[in-house]
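Here are my notes on the model you sent over. Have it open while you read, and shout if anything looks off.

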Amino acid sequence: MIKVAIIGAGRGGTSLIEILHNDPFVKIIGVAEIDPRAPGIKLAQKLSIPITTQYTRFLHPRKVDIIIDVTGNKSVERALLKQVPPGISVIGGSV
């Protein structure tokens with residue numbers, strides 16, 4: 001099973017949650033979002049997916065295989081790429 005973390009719970013993050021939640025080979029280990037009103041937050045809560053405001057909680061190779069960044073925020077992208085340890089793949093970035 002592939003363990004995935006999603007950073008960003010806007011439209012892109014919400015769509016990813018909807019798609020990946022039903023995939024038997026994927027486990028969404030959490031969603032990081034700073035806006036408590038983001039649409040993906042309610043969906044994650046409904047599906048019992050952990051939420052956080054701190055994406056750094058996902059930077060543990062044994063807990064996550066892939067981090068998907070759908071924030072579209074260049075500063076998040078740069079910080080994430082500097083902090084990600086070996087063994088975790090990062091997908092996404094700024095739009």
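The points below go from the whole chain down to single residues.

1. First, a reminder that we are looking at a predicted model. Everything below should be read with that in mind.

2. On the overall fold: I count three helices and five strands. Starting at the N terminus, the order is β-α-β-α-β-β-α-β. The radius of gyration is 12 Å, close to the 12 Å that the globule rule gives for 95 residues, so the chain is as compact as a globular protein of that length. If you want a feel for the dimensions, the C-alpha atoms fit a box of roughly 30 × 30 × 20 Å along the principal axes.

3. On packing: 40% of the 95 residues are buried. Take the contacts with a separation of 6 or more, and 58% of them join residues that sit 24 or more positions apart.

4. On the surface: the accessible area of the chain is about 5,800 Å², and carbon and sulfur atoms contribute 56% of that. As for charge, there are 12 positive and 7 negative side chains, with 6 Å between the centres of the two sets.

5. Strand 2 deserves a look. The strand covers residues 26-32, and five of its seven residues are buried, so strand 2 is largely enclosed by the rest of the structure. Its pairing with strand 1 (residues 2-7) is parallel and runs over six bridges. To find the register on screen, start from Ala-5, which faces Gly-30 of strand 2.

6. Next, Thr-14, which belongs to helix 1 (residues 11-21). Is this residue, Thr-14, buried or exposed? Its relative accessibility is 12%, and the cut-off for buried is under 20%, so Thr-14 counts as buried. Leaving aside residues up to four places away in sequence, Thr-14 touches Ala-9, Pro-39, Gly-40 and Leu-43.

7. Last, Gly-72. You will find this glycine in the loop that links strand 4 (66-69) to helix 3 (74-83). With a relative accessible area of 30%, Gly-72 is partly exposed, whereas Thr-14 is buried. How far apart are the C-alpha atoms of Gly-72 and Ile-7? The separation is 9.8 Å, although the two residues are 65 residues apart along the chain. Ile-7 falls within strand 1, which spans residues 2-7.

Key. Residues numbered from 1 in each chain as written. Predicted model: local features only at pLDDT ≥ 70, side-chain atom pairs only at ≥ 80, totals over all residues. Heavy atoms only, no water. Helix = DSSP H or I, 4+ residues; strand = E, 2+ residues; numbered from the N terminus. Rg over C-alpha atoms; globule rule 2.2 N^0.38 Å. Buried < 20%, exposed > 50% of the residue type's maximum accessible area, 1.4 Å probe, protein only. Contact = heavy atoms within 4.5 Å. Areas by Shrake-Rupley, 256 points an atom, 1.4 Å probe, with all protein chains shown as cover. Lys, Arg positive; Asp, Glu negative; His and termini not counted. Charge placed at Lys NZ, Arg CZ, Asp CG, Glu CD. Pairing = 2+ DSSP bridges.
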